[in-house]
Amino acid sequence: MDTFEDENPFEHDAEHISSETSSTSKVDLSPSSPPYPTRQLSPSSPSRPFPSPGSHKQLQTTVKSDFCCVRDRYLHSGDDVEILITDAQKTSVNATSPYITYIIKTGTAEAHHRYSEFESLRANLVKLYPTLIIPPIPSKQTLGDYAVKQGKAKEDATLIARRKRMLQTFLNRIARHPILSNEHVFHRFLDGEVSWTEVLNSPPLSLLPKNILKAPSHNPTDQNASPAYDALPNPSAAHPLRHPDQRFSDSEAFTNKFANHVSGPMEKVTRRAIKRWSEFAQDHADLGGVLNGFSLNETGALAGAVEKTGQAADATYMSTSKLLQELEQNWAEPLHEYSQFASIIKKLLAYRHQKHVQYEMTHDGLENKREQLEDLEKSEREARRLEEALGRGRINSGQLPRSPATECDEAAHEGEDTNTREEEVTSPASYLPPHPGPNPARRRAKAPGMGLLNALSYTLHGMMDVDPESARRNSITKARETISQISSMSTSEPWLDGQVVLILCGLVGSGKSTFATQLQQHYPQFHRCNQDDLGDRRQVERLARDCLARGLSVCIDRTNFDSAQRSYWIQIAHEFPGTSIWVIVFDTPYEVCAARLRTRTSHPTIKDAEQGLYVLSRFAADFEYPVAREGFDRIISLKPEDTPLVYSSSDIASILHKVHVSPGANLLESIPVGGLFLAAILAPVTKFLIEAVISRIRLQ
């Protein structure tokens, strides 16, 4: 398994340990070694045996004070809580055919559940928590088992014993999970006074949507979720990504490789070995029976020798049976669980892949809607301009506007009353928008039986939108509503899934603080860490560590003009495994920064324009463009046209998306472009000129 440890993308380098201690060349075979040595799965859990009895209980460091029920209080009492499956009984309560029910004991409570209810519990937990790894339950019977054992397949003692063990492990893993242990559905499952059918038909399970992809990942049963979730696309797991995240691609490749190895060669060899040991035990059982029977037909010393040989064969059968039991419980079952966990992680990664595809498709749809809205608004402005021009022309000529529908009405009804027709044409108050045709009630009947037909035709034409002006305005309204709904769905944005250390680089006056302030305003999970407000770098470091420890992302709002200044934040990010390191370079030309400093009056540390220009020239002379070898994950550069004075939520989202889907820091290696590159060249000359101007001003 050394290959898998070396390629494991889930393991951090700092925690990686060599697996040389598990090699066969270093196994102590002396009699003093224990018969069943425990295997250390990680350096952080040296006492955890193989297999693991449950989830990481040590994660629950906080003491819970508010409990939803008695079972919740018991599970979080702080004692070494253990859920037991004490027995399996055959019953036919509320069923037409008998089935096996498992008796669950949780403290003083006792519940009875069949296998299908365990399966239902796990399936609903997967829907309630689509981003968590839900522990597996034992597999169903295969078709081969039903074919061989016919109606006795469900009553197999070995199968029932295995299910008891694995279902008990499943319940204890949930009970020790820091999130799943708080779920009230699980508490009601352990409560024997509530039927599982009642739990399924009550909230929150009754509120689960039919399609989890069209619900918030953090809370699929949220009744206050945006209506735009219903309009989300429903991509398949095989839909390709235009901008895949390399971390998850590596995770998928490793998981597939691990699953194929465990469920392929290892499980096949294990089943073959168990089968052969079982046959070996059965052969010794048959041999012992034959020898014991043969000893009865002999006399004297030969009978005693044959009998002892038969007893030795029986002892070998008993020892081999015990070996088989240990091999089944301590090796085959955990190995099958690893295979199940690999399948669960594959499904979880597939769900994450679909959500990422959803994001890309929604982003494309949003851009298309914006383009469509822009075209429609342009057409609307053009139509209004033409309408105003026509109105001015009619006023100048002394004519009132005539409706095309009125002209058609006049042509179709030449014999109608002239006064009525003139009233319709000449009265501005009676002017109506164009209509598909005149009301058939005002037409003269040409033939018997045509009135109903004409009325039906009029109704159908009225249902059809043939007015281009109304159609355009309706399209504008719908496009704006769609854009508003999609833009408000911030929870589907992939950059919100993990923590980020966002390092801003740029000269004084380049727009860093404006962006950082409004980033924190629109996305509170990003906390702004600004040295001008805090006083010095150490205070910024302390605040950044505190925010990352609380699960927030941080935005380092400093000039960060060289690699040494940026290295502090890279080191802090490495203290929190899984944290991404992003860099946004504000590539604002030197002249623009200088112009902004001349009009700036509210800076915390720069009191006047003279001081600002001096600081600008000094930083410009020392500025180093960030490169990949410093340790960044993503780098983008923003021009002045990309940085508005006031950022909207969609502006911030667009910039974060641009960073998230950028190809990586390595593509920007040694490519300093734009204003910063020019500033780096011209800074010494500019500094000299500014100092000369300042000295002349002082002399005057």
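Trainee: Where is Leu323 placed?

Mentor: In this predicted model, Leu323 sits in helix 9, residues 300–397.

Trainee: Why is Leu323 called partly exposed?

Mentor: Its relative accessible area is 38%. Partly exposed lies between the 20% and 50% limits, so Leu323 is partly exposed.

Trainee: Which residues form a nonpolar patch with Leu323?

Mentor: Trp277 and Phe280. Together with Leu323 they have about 260 Å² of accessible area. Patch residues need over 30% relative accessible area. Leu323, at 38%, passes that cut-off.

Trainee: Which residues gather in the patch of positive charge?

Mentor: Lys268, Arg271, Arg272, Lys275 and Arg276, on the surface. Arg276 belongs to helix 8, residues 246–295.

Trainee: What makes Arg276 count as exposed?

Mentor: Its relative accessible area is 57%. Exposed means over 50%, so Arg276 is exposed.

Trainee: How many disulfides does a search of the whole structure find?

Mentor: Zero.

Trainee: Why is there no bond between the sulfurs of Cys68 and Cys69?

Mentor: The sulfur of Cys69 is the closest cysteine sulfur to that of Cys68, at 3.7 Å. A disulfide needs the sulfur atoms within 2.5 Å. Therefore the pair is too far apart for a bond.

Trainee: What about Cys529?

Mentor: For Cys529, the closest cysteine sulfur is in Cys547, 5.0 Å away. Against the 2.5 Å limit, that is too far for a bond.

Trainee: Are Cys68 and Cys529 buried or partly exposed?

Mentor: Cys68 has a relative accessible area of 44%, so it is partly exposed. Cys529 has 0%. Buried means under 20%, so Cys529 is buried.

Trainee: Why does Phe189 count as buried?

Mentor: Phe189 has 0% relative accessibility. The cut-off is under 20%, so Phe189 is buried. Phe189 is in helix 6, residues 184–190. Phe189 lies 71 residues from Phe118 in sequence, and their C-alpha atoms are 9.0 Å apart.

Trainee: Which residues have a positive phi without being glycine?

Mentor: Among them are Asn94, with phi near 55°, and Asn560, with phi of about 45°. Asn94 is in the loop between strand 1 (84–91) and strand 2 (99–106). Asn560 is in the loop between strand 6 (553–557) and helix 17 (563–574).

Trainee: Are Asn94 and Asn560 buried or exposed?

Mentor: Asn94 has a relative accessible area of 80%, so it is exposed. Asn560 has 0%, so it is buried.

Trainee: Is the peptide bond from Pro203 to Pro204 cis or trans?

Mentor: Cis, with omega near 5°. Pro204 is in the loop between helix 7 (196–200) and helix 8.

Technical notes. Residues numbered from 1 in each chain as written. Predicted model: local features only at pLDDT ≥ 70, side-chain atom pairs only at ≥ 80, totals over all residues. Heavy atoms only, no water. Patch = residues over 30% accessible without salt bridge, like charges linked within 9 Å, V, L, I, M, F, W, Y side chains within 5 Å. Areas by Shrake-Rupley, 256 points an atom, 1.4 Å probe, with all protein chains shown as cover. Salt bridge = Lys/Arg side-chain N within 4 Å of Asp/Glu carboxyl O. Lys, Arg positive; Asp, Glu negative; His and termini not counted. Charge placed at Lys NZ, Arg CZ, Asp CG, Glu CD. Helix = DSSP H or I, 4+ residues; strand = E, 2+ residues; numbered from the N terminus. Buried < 20%, exposed > 50% of the residue type's maximum accessible area, 1.4 Å probe, protein only.
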